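Colleague: I have a model open and want to go through its salt bridges. Can you start with the term itself?

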Amino acid sequence: MRHLILTGACYLDTILTVPHFPEEDSKLRATSMQVRRGGNCPNTLEVLQQLLPLSSHPPRAADEKDTEEVITVTPHLIACLPNAQSTATRKIKSSFAHAQRRPDTPIVDLSRCLYRREHDEAASSYIIRSGQTGSRTIVNFNDLPDMTVAEFQDIADNFAREHGGNDNDCWWHFEGRIPDTTLRCIQYLRQAQPACTISVEVEKPGRQGLVELAAESDVVFYSRSWAEGASALSLPSGEYMHCPANPSGKDILVVDTIGAGDTFIAGMLYGLICHNDDWSRREMLAFAVELATSKVQRDGFAGLVAAQGCGLVI
């Protein structure tokens with residue numbers, strides 16, 4: 001059993017779709033409103049929980065019937081949430097159950113989350129999505145105390161004890177939202193679990209500490225603020241790969257770009273963890289791009305993998 005542990009913020013998103021971006025000090029009627037669970041790592045997990053069962057069928061003889069799915073990679077989320085009994089926390093937990101193919105069998109483990117007892121509201125994002133240009137403008141509010149290094153160390157130590165200290169089977173992924181704290185968490189893992197694999201997402205080029213964060217990680221995901229399309233540099237070979245956002249060149253109808261980058265990361269993590277032996281890096285990149293391209297053509301993440309048909313054999 002392998003473990004994929006994602007650490008990052010979890011939000012409740014309020015998405016307002018408007019005909020065009022409003023002018024300052026003006027009124028504008030929205031054409032639609034959605035409230036759904038968001039956050040980079042939670043979005044990535046929502047896609048992964050659709051992908052992981054597809055590679056989890058145990059081998060069987062030709063004369064045997066299909067058996068139950070066995071999830072060979074367990075995904076975990078570490079995030080700060082409000083009081084465990086709050087309406088916001090119940091909504092976040094139920095969003096994962098409703099998004100997976102078999103709601104009666106939880107895939108994403110939320111037991112590592114940190115609950116802030118004195119808070120009843122989750123971190124919030126208010127997203128204005130322009131129907132005219134497809135742009136999205138995001139305003140965040142987060143009153144929850146962030147995870148401390150000491151809290152992360154306790155989680156990592158407990159996780160190692162529970163799983164026999166086999167850190168070779170653990171992949172830790174971080175949202176590089178708070179570089180200083182994230183760097184210290186990664187440095188702790190390098191000492192406590194030296195055989196584990198570590199990846200990090202870096203979004204904003206101007207944020208201090210991201211270069212040091214990338215240097216400590218095995219895999220680094222850069223946002224489109226750093227580059228257009230999708231590219232990969234494999235070390236130590238130095239092989240460089242590039243895949244355009246729309247390799248077919250056909251016109252696509254962009255419906256919802258929220259979470260496209262998170263979907264790309266889900267596709268790459270899936271390839272790196274589940275198909276490291278039978279997919280090339282170029283195939284992984286193409287798969288992740290195809291998955292993200294499929295995502296922007298639909299609203300939200302529900303049914304993404306089934307709708308795409310997974311262009312590569314998985």
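Modeller: A salt bridge here is a side-chain nitrogen of Lys or Arg within 4 Å of a carboxyl oxygen of Asp or Glu. This is a predicted model, where local features need pLDDT (the predictor's confidence in each residue, from 0 to 100) of at least 70, side-chain atom pairs count only at pLDDT 80 or more, and totals for chains, interfaces and linings use all residues. Residues are numbered from 1 along each chain as its sequence is written, and side-chain values use heavy atoms, with hydrogens and water left out.

Colleague: How many salt bridges does the structure hold?

Modeller: There are 11. In one of them E162 meets R112, at 2.8 Å from N to O.

Colleague: Where do E162 and R112 sit?

Modeller: E162 is in helix α3 (residues 149–162) and R112 in the loop between α2 (87–99) and β6 (114–116), 50 residues apart. Helices (H or I, at least four residues) and strands (E, at least two) are DSSP runs, numbered from the N terminus.

Colleague: Is R112 buried or exposed?

Modeller: R112 is buried, at 10% relative accessible area, while E162 is exposed at 52%. Buried means under 20%, exposed over 50%, partly exposed in between (1.4 Å probe, protein chains only).

Colleague: What does D299 pair with?

Modeller: D299 forms a salt bridge with R36, with the closest N and O atoms 3.7 Å apart. D299 lies in the loop between α7 (281–296) and α8 (304–308) and R36 in strand β3 (residues 32–38), so the pair ties together parts 263 residues apart in sequence. Both belong to a network of salt bridges with R129, D256 and K295.

Colleague: Different topic: what is the average pLDDT?

Modeller: The chain averages 86, and 86% of the residues score at least 70.
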